[in-house]
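Reader: I've got the sequence and the coordinates loaded. Can you walk me through what's in there?

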Amino acid sequence: MPHNEPCPACGFLVPDWHWEWHEEPGFSAIYQGAAGMECPACGAVVMYVGAGLPLTLSPPGMAAQGAKRDVAKAARWSRVSNTGMTLADYLTTAAGQPYARYWTPAEVHQADQQAATNP
Ligand SMILES: [Zn+2]
């Protein structure tokens, strides 16, 4: 979530912004419009301002707070949401592909192993 919203900085249509991949308090702060998410295409910090409203750029001075997605949380999400799919495999799908270079392959591999042994 949110789905199919364009980046206000570069215009890239992101299939899924994956705010659920942020660790707390980042996730709550993003949902409340107090922190931003990184665009996976250009790295701009983008704010959620409410259901049905377009995403906006972060105000000056608010950049980067809570913006980095967590690879371990993403790997756990992938196992639960995609019936056991690894994050490495999810990153090859249409929705996951924009995040294919968000982490290193080693980081993704390690997170998948941790998610498999500690669901
Ligand atoms: Zn962008």
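Reader: Which residue follows α2 with a positive phi?
Author: Keep in mind that this is a predicted model. Helix α2 covers residues 71-81. Past that helix, there's a residue with a positive phi, near 45°, and that residue is Thr 83.

Reader: And which helices do the buried residues of α2 pack against?
Author: Start with who's buried in α2: Val 71, Lys 73, Ala 74, Ala 75, Arg 76 and Ser 78. Those buried residues have two helices as packing partners, namely α3 (87-90) and α4 (105-117).

Reader: OK, over to the strands. Which ones are the edge strands of the sheet?
Author: The sheet is open and has three strands, paired antiparallel in the order β3-β4-β5. An edge strand here pairs on one side only, and that picks out β3 (37-38) and β5 (56-57).

Reader: What is the bridge partner of Glu 38 in β4?
Author: β3 and β4 run antiparallel, with two bridges joining them. Strand β4 takes in residues 45-47. Within β4, Glu 38 is bridged to Val 45.

Reader: How far apart do the C-alpha centres of domain 1 and domain 2 lie?
Author: The domain assignment puts domain 1 at 3-57 and domain 2 at 71-117. Take the C-alpha centre of each one, and the separation comes to 19 Å.

Reader: How many residues of domain 1 that touch domain 2 are charged?
Author: Eight residues of domain 1 are in contact with eight of domain 2. On the domain 1 side, five are nonpolar and none is polar, while the charged ones number three.

Key
Residues numbered from 1 in each chain as written. Predicted model: local features only at pLDDT ≥ 70, side-chain atom pairs only at ≥ 80, totals over all residues. Pairing = 2+ DSSP bridges. Helix = DSSP H or I, 4+ residues; strand = E, 2+ residues; numbered from the N terminus. Domains from an automatic or database assignment. Contact = placed C-beta atoms within 7 Å. Nonpolar A, V, L, I, M, F, W, Y, C, P; charged D, E, K, R; others polar. Buried ≥ 20, exposed ≤ 12 C-beta atoms within 10 Å, placed from the backbone.
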